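Got a few minutes for some structure exercises? Each one sets a task and then walks through the solution.

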Amino acid sequence: MTARITATSAEPEGDRLPPVRFALDPHTWKEITHLLANLPMALFGFVYVVTVVSVGSGLAVTVIGLPVLAVGLMGARLLGRFERARARALLGVRVDEPSPLPRSDSRGAHGQKLGFLGRLMLTVKDPVGWRTILYDLIRLPWGVFTFTVVLVSLFVLWPVLPFLARGLSNVDRVMVRGLLSPSDELERRIAELESDRGVVVDTAAADLRRIERDLHDGAQARLVNLAMGLGLAKEKLLEGQADDVVAAMVEEAHGEVKLALQELRDLARGIHPAVLTDRGLDAALSSVASRCTVPVKVTADLPARPAAAIEGIAYFTVSELLQNISKHSGARSASVEVWRTDDRLLIQVWDDGRGGARLDGGTGMAGLADRLDAVDGLFVIDSPEGGPTTVTAELPWRERTEA
């Protein structure tokens, strides 16, 4: 589910150039054009960068200093995009575009909207813009050098010009890849976090809708019936009706109360079971295993309790998998194992059912995988047709902090 952005650190297969020849072939002319264009582009970029940095730094003590610098960095991004396009067209360098700046509706780490000041600070700290500024600063002397060498070589050293153009353009390729390409690890993590944040928000919204639906269709409806029944019983009592009629109505209302309480308990257990808070993951998994229609053996080897969020995700992952075993597997036995390895919490759920479980099978597996991926976890299914099925979940171990 996670998108990856790859920076080209070594020359890929598609970027390999034809060997250099004494004749000026189309590739050589493209390299010559790029080297001659270095001077005007470097001059423009240098003037722009010096102006932006000096004006922004000089006005930093005023309220317009940071906005001016932010606008300048956004303009530097545009210069970097043009340079990447020029390198792709003339040098054959394939460099991915970096992640865009945050939009006006972007949210911060805690889900709140960034606002003007938050977006401003992210723009000022934009590493892509600053690397483009560094690129434009160091390009001016290089642009003067390449323009002079190539222009003179066109008239004096034209027999060896293809070799000079290849060597000089290779330096340009290195600079473009080194300063204008996105940071592989950083951009990958940004893309993953943006995707995971969307998954977390969607999951939370779906959980809220489920709780609202369960309350509306279950306990709330029973409490309404209870109120109506007690109202009728009160009217019958005031009208002097027979005691047995009133007693029957009160008995019916009592039954509604018990059912409503049971539904509220089930709803509370679905939100966060009390046994998980009080006694930890081992007792909570044993409790949920006892409600499974298949005999389940639970083994938990944990030296301590993990963080509450990780503990909750582990519990609901096992709970969902055991529900799938009860409904879909046709198994005769199952097992749940939980243990810690280094800084990871591992969960393995096994059953001897019919197998065939898949992420796209419509049994909620894809939702579990998304939830684990949102916290840097892993979710692996091994379920051949005919069984058995083994589901392995891996979560990061985070130490528990008591409030």
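**Exercise 1.** Work out whether Ile138 is buried, partly exposed or exposed, and find what it touches.

*Solution.* Start with the cut-offs: buried is under 20% relative accessible area, exposed is over 50%, and partly exposed lies in between (1.4 Å probe, protein chains only). Ile138 has a relative accessible area of 37%, so it counts as partly exposed. Before going on, note that this is a predicted model, where local features need pLDDT of at least 70, side-chain atom pairs count only at pLDDT 80 or more, and totals for chains, interfaces and linings use all residues. Residues are numbered from 1 along each chain as its sequence is written, and side-chain values use heavy atoms, with hydrogens and water left out.

Next, place the residue: Ile138 sits in helix α4 (residues 127-155); helices here are DSSP runs of H or I with at least four residues, strands are runs of E with at least two, and both are numbered from the N terminus. Now the contacts, meaning heavy atoms within 4.5 Å. Skip the neighbours within four places in sequence, and Ile138 is in contact with Met175 and Leu179. Finally, check the C-alpha distance to Gly45, 93 residues away along the chain: 10.0 Å.

**Exercise 2.** Describe how α1 and α4 cross.

*Solution.* Two packed helices are described by the angle between their axes and the distance between the axes. Axes are lines fitted to C-alpha atoms, for helices over the stretch in contact, and angles run from 0 to 180 degrees between N-to-C directions. For helix α1 (residues 26-58) and α4, the axes come within 7 Å and cross at roughly 145°. Then the hand: this crossing is left-handed, that is, the near helix is turned anticlockwise from the far one by less than a right angle. Last, sort the contact residues: 20 are nonpolar, 5 polar and 2 charged. (Nonpolar covers Ala, Val, Leu, Ile, Met, Phe, Trp, Tyr, Cys and Pro; charged covers Asp, Glu, Lys and Arg; the others, Gly among them, are polar.)

**Exercise 3.** Do the same for α10 and α11, then check the span of α10.

*Solution.* Helix α10 (residues 308-329) packs on helix α11 (residues 365-373) at an angle of about 170°, with the axes 11 Å apart. That makes the pair roughly antiparallel, a label for angles over 145 degrees. The crossing is left-handed here too. On the α10 side you'll find Ile313, Phe316, Thr317, Glu320, Leu321 and Asn324, meeting Met365, Leu368 and Leu372 of α11. Sorted by type, the contact residues give 6 nonpolar, 2 polar and 1 charged.

For the span, take 1.5 Å times one less than the number of residues. With 22 residues, α10 should span 32 Å, and its end C-alpha atoms are 30 Å apart, which agrees. Just after α10, Gly330 takes a positive phi of about 70°.

**Exercise 4.** Is Ile325 buried or exposed, and which residues does it touch?

*Solution.* Ile325 belongs to α10. Its relative accessible area is 5%, so Ile325 is buried. Beyond four places in sequence, Ile325 touches Val294, Gly330, Ala331, Ala334, Val349, Trp350 and Asp351. Its C-alpha atom is 7.6 Å from that of Val294, 31 residues away along the chain.

Notes. Parallel < 35°, antiparallel > 145°, perpendicular 65-115°, else oblique.
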